[in-house]
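Hi,

Here is the structure we talked about handing over. Please open it next to this message; my notes follow below.

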Amino acid sequence: MLLVEQDDLASHTSSASTKLIHGGLRYLEYYEFRLVREALMERERLLKIAPHIIWPMRFVLPHSKMLRPAWLLRTGLFLYDHLCPNMTLPRTKALNLRTAPAGKPLRSEYVRGFEYSDGWVQDSRLVVLNAMDAVRVGADIRTRTRLVKAVRAPQGWTATIENTETGEQSTVYAKAVVNAAGPWVAELLQDRLNVPSRNRVRLVKGSHIVVPRVFEGSQAYIFQNPDKRIVFAIPYEQDFTLIGTTDVPWEQDPSHVEISPDEVTYLCESVNRYFTKTVRPDDVVWTYAGVRPLYDDNSGNASAVTRDYVLDVDATAAPILSVFGGKITTFRKLAEHAVEKLAPHLPVLRKPGWTDGTPLPGGEFAPKDFEAQLRRFRGYAPHLSERSSWRLMRNYGLRAYEIATPDPEGMGRNFGDTLSAREVDYLIDNEWARTAEDILWRRSRLGLFVSDADRADLQTYVEGRLQGGVVSIPDPSLVTRQNVA
């Protein structure tokens, strides 16, 4: 299998989510019961196979008398707890917000509410770990490589691909093509593959803001708005609060997406209806926006467009499967369904599924054992600060031992905050990092803490590493393979 990614891994939509592994409570209003059930079941699986980058979180839902009635919220949460037959997370409970600690940050008019469970994910790291896992079973991952065109024949495809850094082009051959291009899925079919399709995507921009921490505690909040949309306020990178998201129709280039001033105002006003501490646009320290490639179900409201996915297989000649829609929580199940769809055309795929029980790299421990693993890691590298140890274990799980050294000298120079040369080298050698931005904003979120001077030094160091010789990647022999399934 060959994967070509025109930019870095998770450069676009996959790093611009609200970073939740959740069933989608609000989708129940649109009767998306199958999608919610599948997502809740996947939540359980993902918590087990990636306990370092995915962990449980409690969400507080204050009741507003002006919006959905309390009985409706209670009914929805009851369904949410019971659609998943193997749920292991704590179930919903009612809260008196005047006495519960979670009610302390909220305005006095909110008297009652509910608390339920969902999951948090470090989204861009989830992408990288899946790529690493794919390499483990024989995949060839080529970042900064785009598909120029592909010519179809009855028995296979001939594709021209291009290294976007060097401009060098090469030809590869495949028995089948999977078009998982996200916002570009329709464009790829029409312009580069010359394959007609009856399905379309609807692009919807979602934007987020990050502000200094608004509230204490590990809980998150889900707020209802007068327009019936919901906005989350979530603890983020220990010192911040993440607020999002918006739903804005998008018809421009999905490569260049930014939050608008109106969206910043909307998100601030959304949380200011609930928190006693006011959030202003001037408080925003970082923003990000991404385009969701939703399956176009002809819904009139961007918020009501289905988050379900459609897999379209065209087997009139060599097969091609295109992915329309989807959400991060169901990525694994989507891939499993995609393999099932292609199996009749590719006998090599007729093997039992294994991804539901195999840990992603670094996640080879039980979810309940994270704190024990963290203590063990701190004993191995006692010179690391508590924050640094926590971050390395959360980002890399047991792979943190490949980064940390028992003595501080082995970590090399520091590039600001807790980023060491040892970690940078690991990311270059094992995770396809090629720029300071790859490291600071996708392999980590240290861009929130690192100065411009440290960022420039990091870029110089990375360039020196790459120019100083061949940078190893997982199983380098795979890079030369030209015949792919």
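**Glu-187 and helix H4**

Glu-187 sits in helix H4, which covers residues 185–192. Keep in mind that this is a predicted model.

Is Glu-187 buried or exposed? Neither label fits: its relative accessibility is 35%, so Glu-187 counts as partly exposed. The cut-offs behind that are under 20% for buried and over 50% for exposed.

The side chain of Glu-187 has a polar contact with the side chain of Arg-192, at 3.3 Å. Then there is Val-201. Glu-187 and Val-201 are 14 residues apart in sequence. In space, their C-alpha atoms are 10.0 Å apart.

**Two domains and their contact**

The protein splits into domain 1 (1–361) and domain 2 (369–468). The contact between them draws 29 residues from domain 1 and 23 residues from domain 2. The C-alpha centres of the two domains are 26 Å apart.

Domain 1 and domain 2 bury about 2,300 Å² between them. Of that area, 54% is on carbon and sulfur atoms.

What about the polar side? There are 13 residue pairs in polar contact between domain 1 and domain 2, counting pairs with both residues at pLDDT 80 or more. On the domain 1 side, the elements that give two or more residues are helix H3 (123–136) and strand E6 (140–143). H3 gives the most, with seven residues.

How many salt bridges are there between domain 1 and domain 2? The count is five. In one salt bridge of the model, the side chains of Arg-445 and Asp-123 meet at 3.3 Å, N to O.

**Helix H6**

Helix H6 runs over residues 331–342, which is 12 residues. Does the model's length for it add up? Here is the check. At 1.5 Å a residue, H6 should span 16 Å. The end C-alpha atoms of H6 are 17 Å apart, which agrees.

Which residues of H6 are buried? They are Arg-332, Lys-333, Leu-334, Glu-336, Ala-338 and Leu-342. Note that charged side-chain types are on that list, including Arg-332, Lys-333 and Glu-336.

The cover over the buried residues of H6 includes one helix, H1 (33–49). It also includes three strands: E10 (177–179), E17 (309–314) and E18 (320–325).

Best wishes

Technical notes. Residues are numbered from 1 along each chain as its sequence is written. This is a predicted model: local features need pLDDT of at least 70, side-chain atom pairs count only at pLDDT 80 or more; totals for chains, interfaces and linings use all residues. Side-chain values use heavy atoms; hydrogens and water are left out. Helices (H or I, at least four residues) and strands (E, at least two) are DSSP runs, numbered from the N terminus. The expected span of a helix is 1.5 Å times one less than its number of residues. Buried means under 20% relative accessible area, exposed over 50%, partly exposed in between (1.4 Å probe, protein chains only). Contact means heavy atoms within 4.5 Å. Domain bounds come from an automatic or database domain assignment. Buried area is the accessible area (1.4 Å probe) that two parts lose on being put together, summed over both. A salt bridge is a side-chain nitrogen of Lys or Arg within 4 Å of a carboxyl oxygen of Asp or Glu. A polar contact is a pair of N or O atoms within 3.5 Å; within protein, one must be able to donate a hydrogen and the other to accept it, and residues adjacent in sequence count only if both atoms are side-chain atoms.
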